[in-house]
Amino acid sequence: MDSAAPNSSSSSSAAVVAAAAASGNGVQGGDRPEDPSKQNLAQVTASIQRTLGLLHQLNLNVSSFSSASQLPLLQRLNALVAELDTMQKLADGCNIQVPMEVVNLIDDGKNPDEFTRDVLNSCIAKNQITKGKTDAFKSLRKHLLEELEEAFPEDIEAYRQIRATSAAESKRLAQSQSVCLMEIPK
């Protein structure tokens, strides 16, 4: 961002949309967006870049203002207003949801990647806890089956046959459903 509008809401909004566009919505510099929403997002991103360029030009005009530069200044202001109007119209077609935490980080002058890193670390920690619980239940199940096999060998053998039959039936059902899903025209 340029120093023309460091904490204005328009530059923060532009930063949020630009960050959202750049961080995982699939639109990159050389790629041709294949669906209308990605194409619209690419147009919004281009409009943001044009707006930032206009703000930079305005900053230069204002910093070296003289009465002779009044007409170019007014032309750039009109161009900025037109570009902001275009950006708003294009943005109405985009459905980008930016978490408030990201907006607050940007407003505080911090990197939005911190939010992503924190969310990923939180997911990893929760995943490890869940994996630990799953492993504990698997161990408990194995231990219970061993104990039950010593106490009731015939019943455990019947249980294993029922489990094998049930597993085979579930697998067959899942395969038939995936075949049906593949046959549905898109």
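This report describes the fold, the salt bridges and one buried polar residue of a predicted model.

## Overall architecture

The protein contains six helices and zero strands. Along the sequence, its elements follow the pattern α-α-α-α-α-α.

Of the 186 residues in the protein, 18% are buried. The exposed surface amounts to about 13,800 Å², and carbon and sulfur atoms supply 57% of this area. When contacts between residues at least 6 apart in sequence are considered, 52% of them join residues at least 24 apart.

## A salt bridge between helices α2 and α3

Six salt bridges are found in a search of the whole structure. One of them pairs the side chains of Arg50 and Glu83, with an N to O distance of 3.0 Å. Arg50 belongs to helix α2 (residues 36-63) and Glu83 to helix α3 (residues 70-91), so this pair ties together parts that are 33 residues apart in sequence.

The two partners differ in their exposure to the surroundings. Arg50 has a relative accessible area of 40% and is therefore partly exposed. Glu83 counts as buried because its relative accessibility is 12%, which is under the 20% limit for that class.

## Salt bridges at Arg117 and in helix α5

Another salt bridge joins the side chains of Arg117 and Asp118, at 3.7 Å from N to O. This distance satisfies the criterion because a salt bridge requires the nitrogen to lie within 4 Å of the carboxyl oxygen. Arg117 is partly exposed, at a relative accessible area of 46%, and Asp118 is likewise partly exposed, at 43%.

The side chains of Asp135 and Lys131 also meet in a salt bridge, with 3.0 Å between N and O. These residues are four apart in helix α5 (residues 113-151), so about one helical turn separates Asp135 from Lys131. Asp135 is partly exposed, with a relative accessible area of 34%.

## The surroundings of Asn61

Asn61 is located in helix α2, the helix that also holds Arg50. With a relative accessibility of 11%, Asn61 counts as buried.

The side chain of Asn61 forms a polar contact of 2.7 Å with the side chain of Arg76. Leaving aside residues up to four places away in sequence, Asn61 touches Ser69, Pro72, Leu73 and Arg76. Arg76 thus appears both as a polar partner of Asn61 and among the residues that Asn61 touches.

Key
Residues numbered from 1 in each chain as written. Predicted model: local features only at pLDDT ≥ 70, side-chain atom pairs only at ≥ 80, totals over all residues. Heavy atoms only, no water. Helix = DSSP H or I, 4+ residues; strand = E, 2+ residues; numbered from the N terminus. Buried < 20%, exposed > 50% of the residue type's maximum accessible area, 1.4 Å probe, protein only. Polar contact = N/O pair within 3.5 Å; in protein donor to acceptor, adjacent residues only side chain to side chain. Contact = heavy atoms within 4.5 Å. Areas by Shrake-Rupley, 256 points an atom, 1.4 Å probe, with all protein chains shown as cover.
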